[in-house]
Each structure stands twice: as C-alpha cells, then as structure tokens.
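Reader: I'd like a close look at one part of this protein, starting with a single residue and working outward from there. Could you walk me through it in one go?

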Amino acid sequence: RAISLRRCTERWQACQAHMERNLPPGLDFAMAEGCDGSQHRNLLTVDAEPEGGVSEVAVQAAEAAMGCRIYRGWPVCETEDVLRILAAGGEEDVAELSEVKAWERYRAWFSDWPRERAMAYIDFHCRHVTLGEIGAALSHWHLIQEACLDGVDWMVVFEDDARPFPKALPRLQEEIALLARHGFDWDLIYIRASLYSKAPEAPLDEVPGSSLFWARHRKVTDAYCLSRRGLARIAA
C-alpha cells in the first residue's frame, strides 16, 4: 500500500504511476487514502488567556472528530518540562537539579545519536504534536488494522514520496523467504529509513546469506514491511 492524501492530486498520481511501473506484476498493490489532519484545524481554537495555547475542550473536539486520543505530554520547551520528563523516566534527585544540570541530563538521553541529529530532534520533535502528524499516524494505523482483519502474511507500506526501484520488492521477497526457510521470526523490516544512532547496526548473522541488519534507532521512515506478528503487535 502507498499512503497519500486525495487533495494532493499530483503527489497521488505521481506515486501511483511510479508504483505501477516498478512493482512486480501480480502484486496486490493499491493506493490508500490517508487521514487528513488539516481538515480539523478549525477545531483547535486558541484560548484568550495570557498563556494562549489550545484549550482542553478544543483538543477533546479534535479527538472526537479523528477518533483517537491525543497524548498530552509531548512538549519539552521549558525547564519544568525537562524536570517532568526526567522524573517520569526514573531519574534520581530531579528536584535538586539546577536548570543547567537538568538540561544536560536530558540531552544525555540522546548521546547515542550524532550531535547534529540529536539537537535537531530536541529542538523540533520534542514539542506539541500536530494534527498532520496525528493524521499520518492514523493513516498507518488504519492500514495495519485492515491487514490484520484480512489475515495477510506481510504488508509493505510506502509514503507517497517513496520511489522503489524495480528490484526492490523482489529482493525483499527473497529476504522474507530466506527468513522463513531458517525459521527466523521477525516483526519489522525497514526498507528505507534514516539511522539516528552513532553505533553501527549488526548484521543478521543468525540467518546465513541474509543482507539484513538488526535495526537500531531509526526515523524518517518512508517504506517498511510488517509481518503478520508485527501487524498484530501494533494493532494489539
């Protein structure tokens, strides 16, 4: 499946045309309409209070419209947010930390990542979630639920800007067959994603002949494959 928004006609058509040209004949491929979070922007009215921000009533209205619950603990903007996150993460002596020490300890959580990626994550991603991000998550969630109901053995999901080469899916099918021959159970195979860890990924030596690696921390995923077990674990 390839996820796209119907209102983005050119992206939808370009993605569909590329997939139909490059995916193996006979593959059960279809475009999947994504959940468009921007359609609900009118629900998130800003409070007329000094702090501004979106009211709890507005968030609840967005939840009702999109059929989900929105996590409230995303933003890490102020020192008090850092202290809250550290405490929730089980850090000791949080109340005694100075502002500088609190931020140093928080940033240390990302020390396994290259500095340029860690800082970008801290500055951009540790903030309020957007309706577009919620819609994107729901788009994948709906596909996973559908695949579970259909009882598929595995499913490949593309974002609409993914452009697989003709040999990509046949190569993936070979890897999946190899895993099956060796009785190796798996949940998720990243087809294309950005590695955020400084440490190298270890090869999958448990399966002789495999070109796969044990995935470390990855983000910006625009193509992945889930097994029946992986689908069920996410849908549970």
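Author: Let's start with a cut-off: a residue counts as buried when its relative accessible area is under 20%. The model here is a predicted one. With that in hand, take His140. Its relative accessible area is 15%, so His140 counts as buried.

Where does His140 sit? You'll find His140 in helix 6, which covers residues 131–150. Look past its neighbours within four places in sequence, and His140 is in contact with Ile3, Val157, Glu159 and Tyr224. There's also a long jump along the chain to point out: Ala32 is 108 residues away from His140 in sequence, yet the C-alpha atoms of the two are separated by 9.5 Å.

Now follow Tyr224, one of those contacts of His140. Tyr224 also turns up on the list for Ile189. Again leaving aside neighbours within four places in sequence, Ile189 is in contact with Tyr224, along with Leu172, Ile176, Leu179, Leu212 and Cys225.

That takes us to the largest nonpolar core, a group of 21 residues. Ile189 is among the residues with the most contacts inside this core, together with Phe158, Leu172, Leu179 and Cys225. Who supplies the core? At least two residues each come from helix 1 (9–22), strand 3 (154–159), helix 7 (168–181) and strand 5 (218–227). Helix 7 gives the largest share, with five residues. Apart from this core lies another one, made of 16 residues, including Leu97, Trp103, Tyr121 and Tyr196. As background, nonpolar side chains in soluble globular proteins tend to be buried together.

Let's zoom out to see what surrounds all this. The protein has eight helices and five strands, and from the N terminus on they run β-α-β-α-α-α-α-α-β-α-β-β-α. Of its 236 residues, 37% count as buried, and His140 belongs with the buried ones. Long jumps along the chain show up in the totals too: among contacts with a separation of 6 or more, 62% are between residues 24 or more positions apart.

As for the outside, the protein exposes about 14400 Å², with carbon and sulfur atoms supplying 53% of that. Its 27 positive and 37 negative charges have mean positions 6 Å apart. And if you want a feel for the overall dimensions, the C-alpha atoms fill a box of roughly 60 × 45 × 30 Å along the principal axes.

Methods:
Residues are numbered from 1 along each chain as its sequence is written. This is a predicted model: local features need pLDDT of at least 70, side-chain atom pairs count only at pLDDT 80 or more; totals for chains, interfaces and linings use all residues. Side-chain values use heavy atoms; hydrogens and water are left out. A nonpolar core is a set of buried Ala, Val, Leu, Ile, Met, Phe, Trp, Tyr and Cys residues joined through side-chain atoms within 4.5 Å. Buried means under 20% relative accessible area, exposed over 50%, partly exposed in between (1.4 Å probe, protein chains only). Helices (H or I, at least four residues) and strands (E, at least two) are DSSP runs, numbered from the N terminus. Contact means heavy atoms within 4.5 Å. Accessible areas come from the Shrake-Rupley method with a 1.4 Å probe; for residues, only the protein chains shown count as cover. Lys and Arg count as positive and Asp and Glu as negative; His and the chain ends are not counted. The place of a charge is taken as NZ of Lys, CZ of Arg, CG of Asp or CD of Glu.
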